Amino acid sequence: MIIIMERTATKVNIQRVLDLLKENGFKVRCNEGEVHTVIDALGDKTSITPGRIAAFEGVKEVKVIREPYRLASRDSQKEDTVIEFSNGVKIGGNNKPVSMVGPCSVEEDYEGLLKVALAAKEMGCQFLRGGAFKPRTSPYDFQGFGEKALQYLKRASEETGLLTVSEVMDACDLDMMCEYVDVLQIGARNVQNFKLLQAVGRSNKPVILKRGLASTIREFLLAAEHIMYQGNRNVILCERGIRSFDSAFTRNVMDIASIPVIKKYSHLPIIVDPSHGTGQRYLIEPLAKAGLVVGADGIMIEVHHDPENALSDGKQSLPIPMFKEVMARLNKFSESLHYEQNCLSANVN
Ligand code: PEP
Ligand code: MN
């Protein structure tokens, strides 16, 4: 870390910081400039945090060089994390991007869910997604169909062989949810619900962690760190757009650049969700392609058998015929991209 002292810092202020660092095993180098004194400190930040040093009198700024997430960082693991499921499906590394599709909410009509699941299967998707507990902005909106929805997901999974994903909102539901689904989702609104992150961190199910509406990339990776710190290393990140100033045409702003940035700094797989990212049906295909081009390990898309009557997110859900067309093109696109990327890395190696 680098500690910049105030212009007005006294010799005593500087010495106190140096003593604190040395007592905690840091190697220090003190550079006295004409205006500011700058201290280089090398050591283990678990013994003394940057925040504690910042609190000392005369300290202007503490700059941390190493990223604060450790387990999620490329520094701790050079190779990409690959998550493998019991049926052989893999996410991450050089594996082909996966597809997770399904309605925003699982609704009372099982046949509707099954139609989506069969279409997903037909189009080569690996996962069926669907919310059972919905984090709605308004208490008057549909809050989810609860355990019954999870039973439907499981039934559809048994009929199609698809793996299932559903959002957990409350740690109390965790054990029950683990009976039904293959992947737990932490929604954008819960990305900093640390107790919930810790709870899924203690479970043995892979977790899809969605980026928060206002999460920086660093905060996002620190949220993943909370899960990993509890022992669960199977975290799949999901870029689903962030809130910005212009919502006239899109619900959120899809931060496409976050995907290669995260790939550079973390070994965790990352998927892209253009449905929530844009909120617009017509933008799903181009933004899914954009995500794949920059290296996403998978896509998540909302599909509904009757979007006009969906209980949530109908506007951004693809009806089944349109889904099939879009997915056919995405499959082709992803196939050629995968081929090209493999040729490229073969040439580099
Ligand atoms: C969802 O996947 O249906 C959902 C609510 O997503 P997000 O948390 O990204 O808004
Ligand atoms: Mn949704």
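**Exercise 1.** In which loop does Glu108 lie?

*Solution.* Glu108 is in the loop between strand 7 (98-102) and helix 3 (110-122), where helices (H or I, at least four residues) and strands (E, at least two) are DSSP runs numbered from the N terminus. This is a predicted model, in which local features need pLDDT of at least 70, side-chain atom pairs count only at pLDDT 80 or more, and totals for chains, interfaces and linings use all residues. Residues are numbered from 1 along each chain as its sequence is written, ligands are numbered from 1 in the order in which they are written, and side-chain values use heavy atoms, with hydrogens and water left out.

**Exercise 2.** State which protein atoms bind the manganese ion (ligand 2), and place two of the donors.

*Solution.* Donors are N, O and S atoms within 2.8 Å of the metal (3.2 Å for Na, K and Ca); water is not among the atoms, so sites may look incomplete. The protein donors are Cys104 (SG), His276 (NE2), Glu302 (OE) and Asp313 (OD), at 2.1 to 2.4 Å. Glu302 in strand 14 (residues 298-304) and Asp313 in the loop between strand 14 and strand 15 (318-319) are eleven residues apart. Asp313 has a positive phi, near 55°. Most residues other than glycine have a negative phi.

**Exercise 3.** Find the salt-bridge partner of Arg329 and classify both residues by accessibility.

*Solution.* A salt bridge is a side-chain nitrogen of Lys or Arg within 4 Å of a carboxyl oxygen of Asp or Glu. Arg329 pairs with Glu285, the closest N and O atoms being 2.8 Å apart. Buried means under 20% relative accessible area, exposed over 50%, partly exposed in between (1.4 Å probe, protein chains only). Arg329, at 39%, is therefore partly exposed, and Glu285, at 13%, is buried.
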